[in-house]
Amino acid sequence: MKFRVDRDVLAEAVAWAARVLPARPAIPVLSGLLLEARPEQEDLVLSAFDYDVSARASVEAEVAEPGRVLIPGRVLAEITRSLPGKAVEVVADGSEATLTCGSAEFNLRTMPVEDFPTLPAMPPVIGAIGGGVFASAVGQVAPAASRDETLPMLTGVRVDISGEHVTMAATDRYRIAAREFDWRPERPDAAAAAVVPARVLVEVARSLRGGEVAVALGDGIAGFESVGRSTTVRLLDEQFIDYRARLAGDWSIRADVRVAPFVEAIKRIRLVAEPTTAIRLSFGQGQVTIQAGGGEVGRGTEVLDAELSGGDIQIAFQSQFLLDGLSGIESEFVRLNMESPTRPALITEVPGDAVPAFRYLVMSLRQA
């Protein structure tokens, strides 16, 4: 096998594919990146697979001799990232691959390509969405997914598809984030539900911002494809909480606050708080007082303008949970919908529709 490729193009593709390489591979060959040079398509295809997630990237290349080679992925990623800005030539013969870039040359031991498992086929495409909308939606809901692997269902993002409408939702039992958006289905009566691992969705969203993202579902696998890159992932159990019922409710108290200064104030005030200490919000007519601390370090207080309807209220939240919800707000103002200091609060954008596109329900904390 022999091919020549642009250094930046190769480095970016290798880094993208290597992100799915397992830290502790079940078998040694899963730590490798499969490189396939195809003269007919005049491209180089890089693949990685860990039995749950696969990544496949195609880039333009000058292919002199076709072939396939399996190279340790993390080593290749480190090398390509540090190469000078010149064309890269790779020649593979037997158990060794030679990578040359300018005056730099690396002789890399290859792995048995015949032992590398076959990647799963991409399921049928059921629709497409703009990369920007997809990335925005994932960024809003994924922070609410659990990191507790003992409850796999909660480590995923629930995706509900009904015709031209899609809802993504995630929860870790202490908050629920949901985002609704429109997309372009392959069929107008499309209907599907799936729970996709949140960490995979986040990686896909980061890397597939360009153009449209094609979404595929079938046989317990989800697939995402855009601009020459594709990812497949094994789905989680479809069981999920009834998040829509929990996000509905009557809120007797409503407070609107400008997002940017609110976020900055919370970040400042929590500097004197222990990680588990609450951020206390006291809403009165025309203002909100943000407070934290009280232990050995000290206390912090800041006052911001707020538009309040309903009675005065003092309510507390875990600071990072509150910031995660505010980070999903894309409007200038955020609306906090509240009932009492002991009930969850619903965070939405302002101005809000009858059903806001983004909703974030967060548990309040008991105050001493």
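This is a guided tour of the structure above, moving from the whole chain to single strands, residue pairs and a patch on the surface.

**The whole chain**

Please keep in mind throughout that the model is predicted. Begin with the whole protein in a cartoon view, where seven helices and 27 strands can be picked out. Taken along the principal axes, the C-alpha atoms fill a box of roughly 75 × 55 × 35 Å. If you then colour by accessibility, 52% of the 368 residues count as buried.

**The nine-stranded sheet**

Next, select the strands of the open sheet, which are nine in number and stand in the order β6-β2-β3-β4-β18-β17-β16-β10-β14, with antiparallel pairing. At the edges of this sheet you will find β6 (67–72) and β14, and because each has a single partner strand, one side of each is left without a neighbour in the sheet.

Within the sheet, zoom in on residues 221–226, which make up strand β17, and follow the six bridges that join β17 to β18, its antiparallel partner. A useful residue to label here is F224, whose bridge partner in β18 is T231.

**From the sheet to its salt bridges**

Stay with β18 and select R234, whose side chain meets that of D52 in a salt bridge, at 3.4 Å from N to O. This pair links distant parts of the chain, 182 residues apart, since D52 sits in the loop between β3 (43–49) and β4 (53–60) while R234 belongs to strand β18 (residues 229–234). With the surface switched on, D52 counts as partly exposed at 39% relative accessibility, and R234 also counts as partly exposed, at 45%.

Now move to E212 and R184, which form a salt bridge with their closest N and O atoms 2.6 Å apart. Here too the pair links distant parts of the chain, 28 residues apart, with E212 in strand β16 (residues 212–218) and R184 in strand β14 (residues 184–185). The relative accessible area of R184 is 44%, so this residue is partly exposed, and E212 counts as partly exposed at 41%.

**A pair between a loop and a helix**

Select R19 and E203 as the following stop, where a salt bridge is formed with the closest N and O atoms 3.8 Å apart. R19 lies in the loop between α1 (7–18) and β2 (32–38), whereas E203 lies in helix α4 (residues 198–207), so the pair ties together parts that are 184 residues apart in sequence. R19 counts as partly exposed at 23% relative accessibility, and E203 counts as partly exposed at 28%. Add R206 to the selection, and you have a network of salt bridges that links R19, E203 and R206. Over the protein, the count comes to 19 salt bridges.

**A covered helix**

For a view of the interior, select residues 131–141, which are helix α3, a mostly covered element in which eight of the eleven residues are buried. The buried residues to label are G131, F134, A135, S136, A137, V138, Q140 and V141.

**The β8–β9 hairpin**

Turn next to strand β8 (residues 96–101) and strand β9 (residues 104–109), which run antiparallel and are joined by six bridges. Show L99 in β8 and look across to β9, where F106 is its bridge partner. The two strands form a hairpin with two residues between them, and in the turn G102 has a positive phi of about 60°.

**A negative surface patch**

With the surface still displayed, select E65, D93, E96 and E105, which together form a negative surface patch. D93 belongs to strand β7 (residues 88–93). Is D93 buried or exposed? Its relative accessible area is 64%, and D93 is therefore exposed, the cut-off for that class being over 50%.

**A last stop at G311**

Finish at G311, which is placed in the loop between β23 (307–309) and β24 (313–318). With a relative accessible area of 39%, G311 is partly exposed. To close the tour, draw a distance from the C-alpha atom of G311 to that of F283: the two residues are 28 apart in sequence, and 8.6 Å separates them in space.

Technical notes: Residues are numbered from 1 along each chain as its sequence is written. This is a predicted model: local features need pLDDT of at least 70, side-chain atom pairs count only at pLDDT 80 or more; totals for chains, interfaces and linings use all residues. Side-chain values use heavy atoms; hydrogens and water are left out. Patches are made of residues with over 30% relative accessible area and no salt bridge: like charges are joined within 9 Å, nonpolar side chains (Val, Leu, Ile, Met, Phe, Trp, Tyr) within 5 Å. Accessible areas come from the Shrake-Rupley method with a 1.4 Å probe; for residues, only the protein chains shown count as cover. A salt bridge is a side-chain nitrogen of Lys or Arg within 4 Å of a carboxyl oxygen of Asp or Glu. Lys and Arg count as positive and Asp and Glu as negative; His and the chain ends are not counted. The place of a charge is taken as NZ of Lys, CZ of Arg, CG of Asp or CD of Glu. Helices (H or I, at least four residues) and strands (E, at least two) are DSSP runs, numbered from the N terminus. Buried means under 20% relative accessible area, exposed over 50%, partly exposed in between (1.4 Å probe, protein chains only). Two strands pair if DSSP finds at least two bridges between them.
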